[in-house]
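This briefing covers a protein model with a bound ligand. It deals with the ligand site first and then with backbone geometry and burial.

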Amino acid sequence: MKKVLFKIKENIEIAENIFKMVLSGDTEEINKAGQFIDLKLSNYYLRRPISVSDFDDNSVTIVYKVLGKGTKFMTMLPRGHMIDALTGLGNGFDESKSGPSPLLIGGGVGIPPLLKLAKMFNEINVNPSIALGFNSEKDAFYIDEFKELSSKVLVASVDGSIGVNGFVTDVCEALIPSSFVYTCGPLSMLKSVYSFCEKYDIDGEFSFEERMGCGFGACMGCSTEARELDAQGEPTGKYISKRICKEGPVLCRKEILWK
Ligand SMILES: Cc1cc2nc3c(=O)[nH]c(=O)nc-3n(C[C@H](O)[C@H](O)[C@H](O)COP(=O)(O)OP(=O)(O)OC[C@H]3O[C@@H](n4cnc5c(N)ncnc54)[C@H](O)[C@@H]3O)c2cc1C
Ligand code: FES
């Protein structure tokens, strides 16, 4: 973990109430898709965790949805403003598990971390299939960016205003066979993806959100119960506690215990 003072390079609305912020500064500790950074906002005691959507040697991109006071405050931060962030947080996705035909399934603001993952697959000549779910066309973002990275991108929306009318899992069947699933999105979506993976016997990694205190493993505030896995990745029958900020936010399908 490293505390970094970033300079805001860009902070723009890319869909209704969804903003992209590009920060310039030290990204030494950011090295995996699926990690997150924890932003300190003046006047707010708790930091705000946001997934890394993209990064390079000196910049990091996040995409955030306005939900409450903290994210509303973030929309007002101008270009050039300095912002304190903890970096290098979370385990991230393990792209070595992907096999030849990974399927990336994202919903809403769970989509951003999958962009960097798709870029990483492109760099090693793996063509991922992509399923993106939105509530409505006005919430949609990053579709063109994913189309540049994959020849197989399908979109679903709950109100039918863009792509297939339905949930993101409704388009996933059209994207199999697939060797491994990587997914991030709202809990209800993760549960549906879990059922999809069980039905087709596909293994996967799921990224979770949890309310956080410290964000780096010290307070146990984000602990959740999980199945213990053996060295082969199979459940041992025992249960263990996992800190979503430290041993997560990405969990293997076989270790997930739904509350
Ligand atoms: C690992 C991780 C990655 C995330 N990545 C993204 C992302 O890429 N884009 C995005 O838009 N959102 C993401 N979130 C959710 C984001 O952290 C919350 O939307 C944000 O903290 C809300 O802050 P607020 O002040 O606007 O809302 P408020 O409701 O006013 O926040 C009150 C408190 O609750 C916490 N909180 C509220 N909602 C959440 C939530 N869903 N998860 C965790 N803490 C919450 C806040 O951090 C704050 O401490 C992520 C959450 C986690 C845990
Ligand atoms: S938020 Fe403190 S241990 Fe995870």
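The points below are grouped by topic.

The model is predicted. Ligand 1 is surrounded by 20 residues, and the protein covers 85% of the 820 Å² of accessible area that ligand 1 has on its own. Two cis peptide bonds, two residues with positive phi and one buried strand residue are described after the ligand site.

**Shell around ligand 1**

- The closest residues to ligand 1 are Pro 49, Lys 65, Gly 70, Thr 71 and Glu 209.
- By residue class, the shell consists of nine nonpolar, four polar and seven charged residues.
- Strand E4 (48-51), strand E6 (59-65) and helix H1 (69-75) are the elements that each give two or more residues to the shell.
- E4 provides the largest share, with four residues.
- Domain 1 (2-89) and domain 3 (210-259) each supply at least three residues of the shell.

**Polar contacts of ligand 1**

- The side chain of Arg 48 has an N or O atom 2.8 Å from an oxygen atom of ligand 1.
- A nitrogen atom of ligand 1 lies 3.0 Å from an N or O atom in the side chain of Ser 51.
- Gly 68 takes part through its backbone, with an N or O atom 2.8 Å from an oxygen atom of the ligand.

**Cis peptide bonds**

- Most peptide bonds are trans.
- Ile 176 and Pro 177 are joined by a cis peptide bond, with omega about 10 degrees.
- Pro 177 sits in the loop between helix H4 (169-172) and strand E12 (180-184).
- Another cis peptide bond links Gly 248 to Pro 249, with omega about 10 degrees.
- Pro 249 is in the loop between strand E15 (235-243) and strand E16 (250-252).

**Positive phi outside glycine**

- Most residues other than glycine have a negative phi.
- Asn 43 has a positive phi, near 80 degrees, and is located in the loop between strand E3 (36-40) and E4.
- With a relative accessible area of 76%, Asn 43 is exposed.
- Tyr 142 also has a positive phi, of about 70 degrees, and belongs to the loop between strand E9 (129-134) and helix H3 (143-147).
- Tyr 142 counts as buried because its relative accessibility is 7%, under the 20% limit.

**A buried residue in strand E7**

- Thr 87 is part of strand E7 (residues 82-89).
- Its relative accessible area is 0%, so Thr 87 is buried.
- Leaving aside residues up to four places away in sequence, Thr 87 touches Met 1, Lys 2, Val 4, Phe 6, Glu 29, Ile 30 and Ile 37.

Methods. Residues are numbered from 1 along each chain as its sequence is written. Chains are lettered from A and ligands numbered from 1 in the order in which they are written. Side-chain values use heavy atoms; hydrogens and water are left out. A residue is near a molecule or strand if one of its heavy atoms lies within 4 Å of it. A polar contact is a pair of N or O atoms within 3.5 Å; within protein, one must be able to donate a hydrogen and the other to accept it, and residues adjacent in sequence count only if both atoms are side-chain atoms. Accessible areas come from the Shrake-Rupley method with a 1.4 Å probe; for residues, only the protein chains shown count as cover. Ala, Val, Leu, Ile, Met, Phe, Trp, Tyr, Cys and Pro count as nonpolar, Asp, Glu, Lys and Arg as charged, and the others, Gly among them, as polar. Domain bounds come from an automatic or database domain assignment. Buried means under 20% relative accessible area, exposed over 50%, partly exposed in between (1.4 Å probe, protein chains only). Contact means heavy atoms within 4.5 Å.
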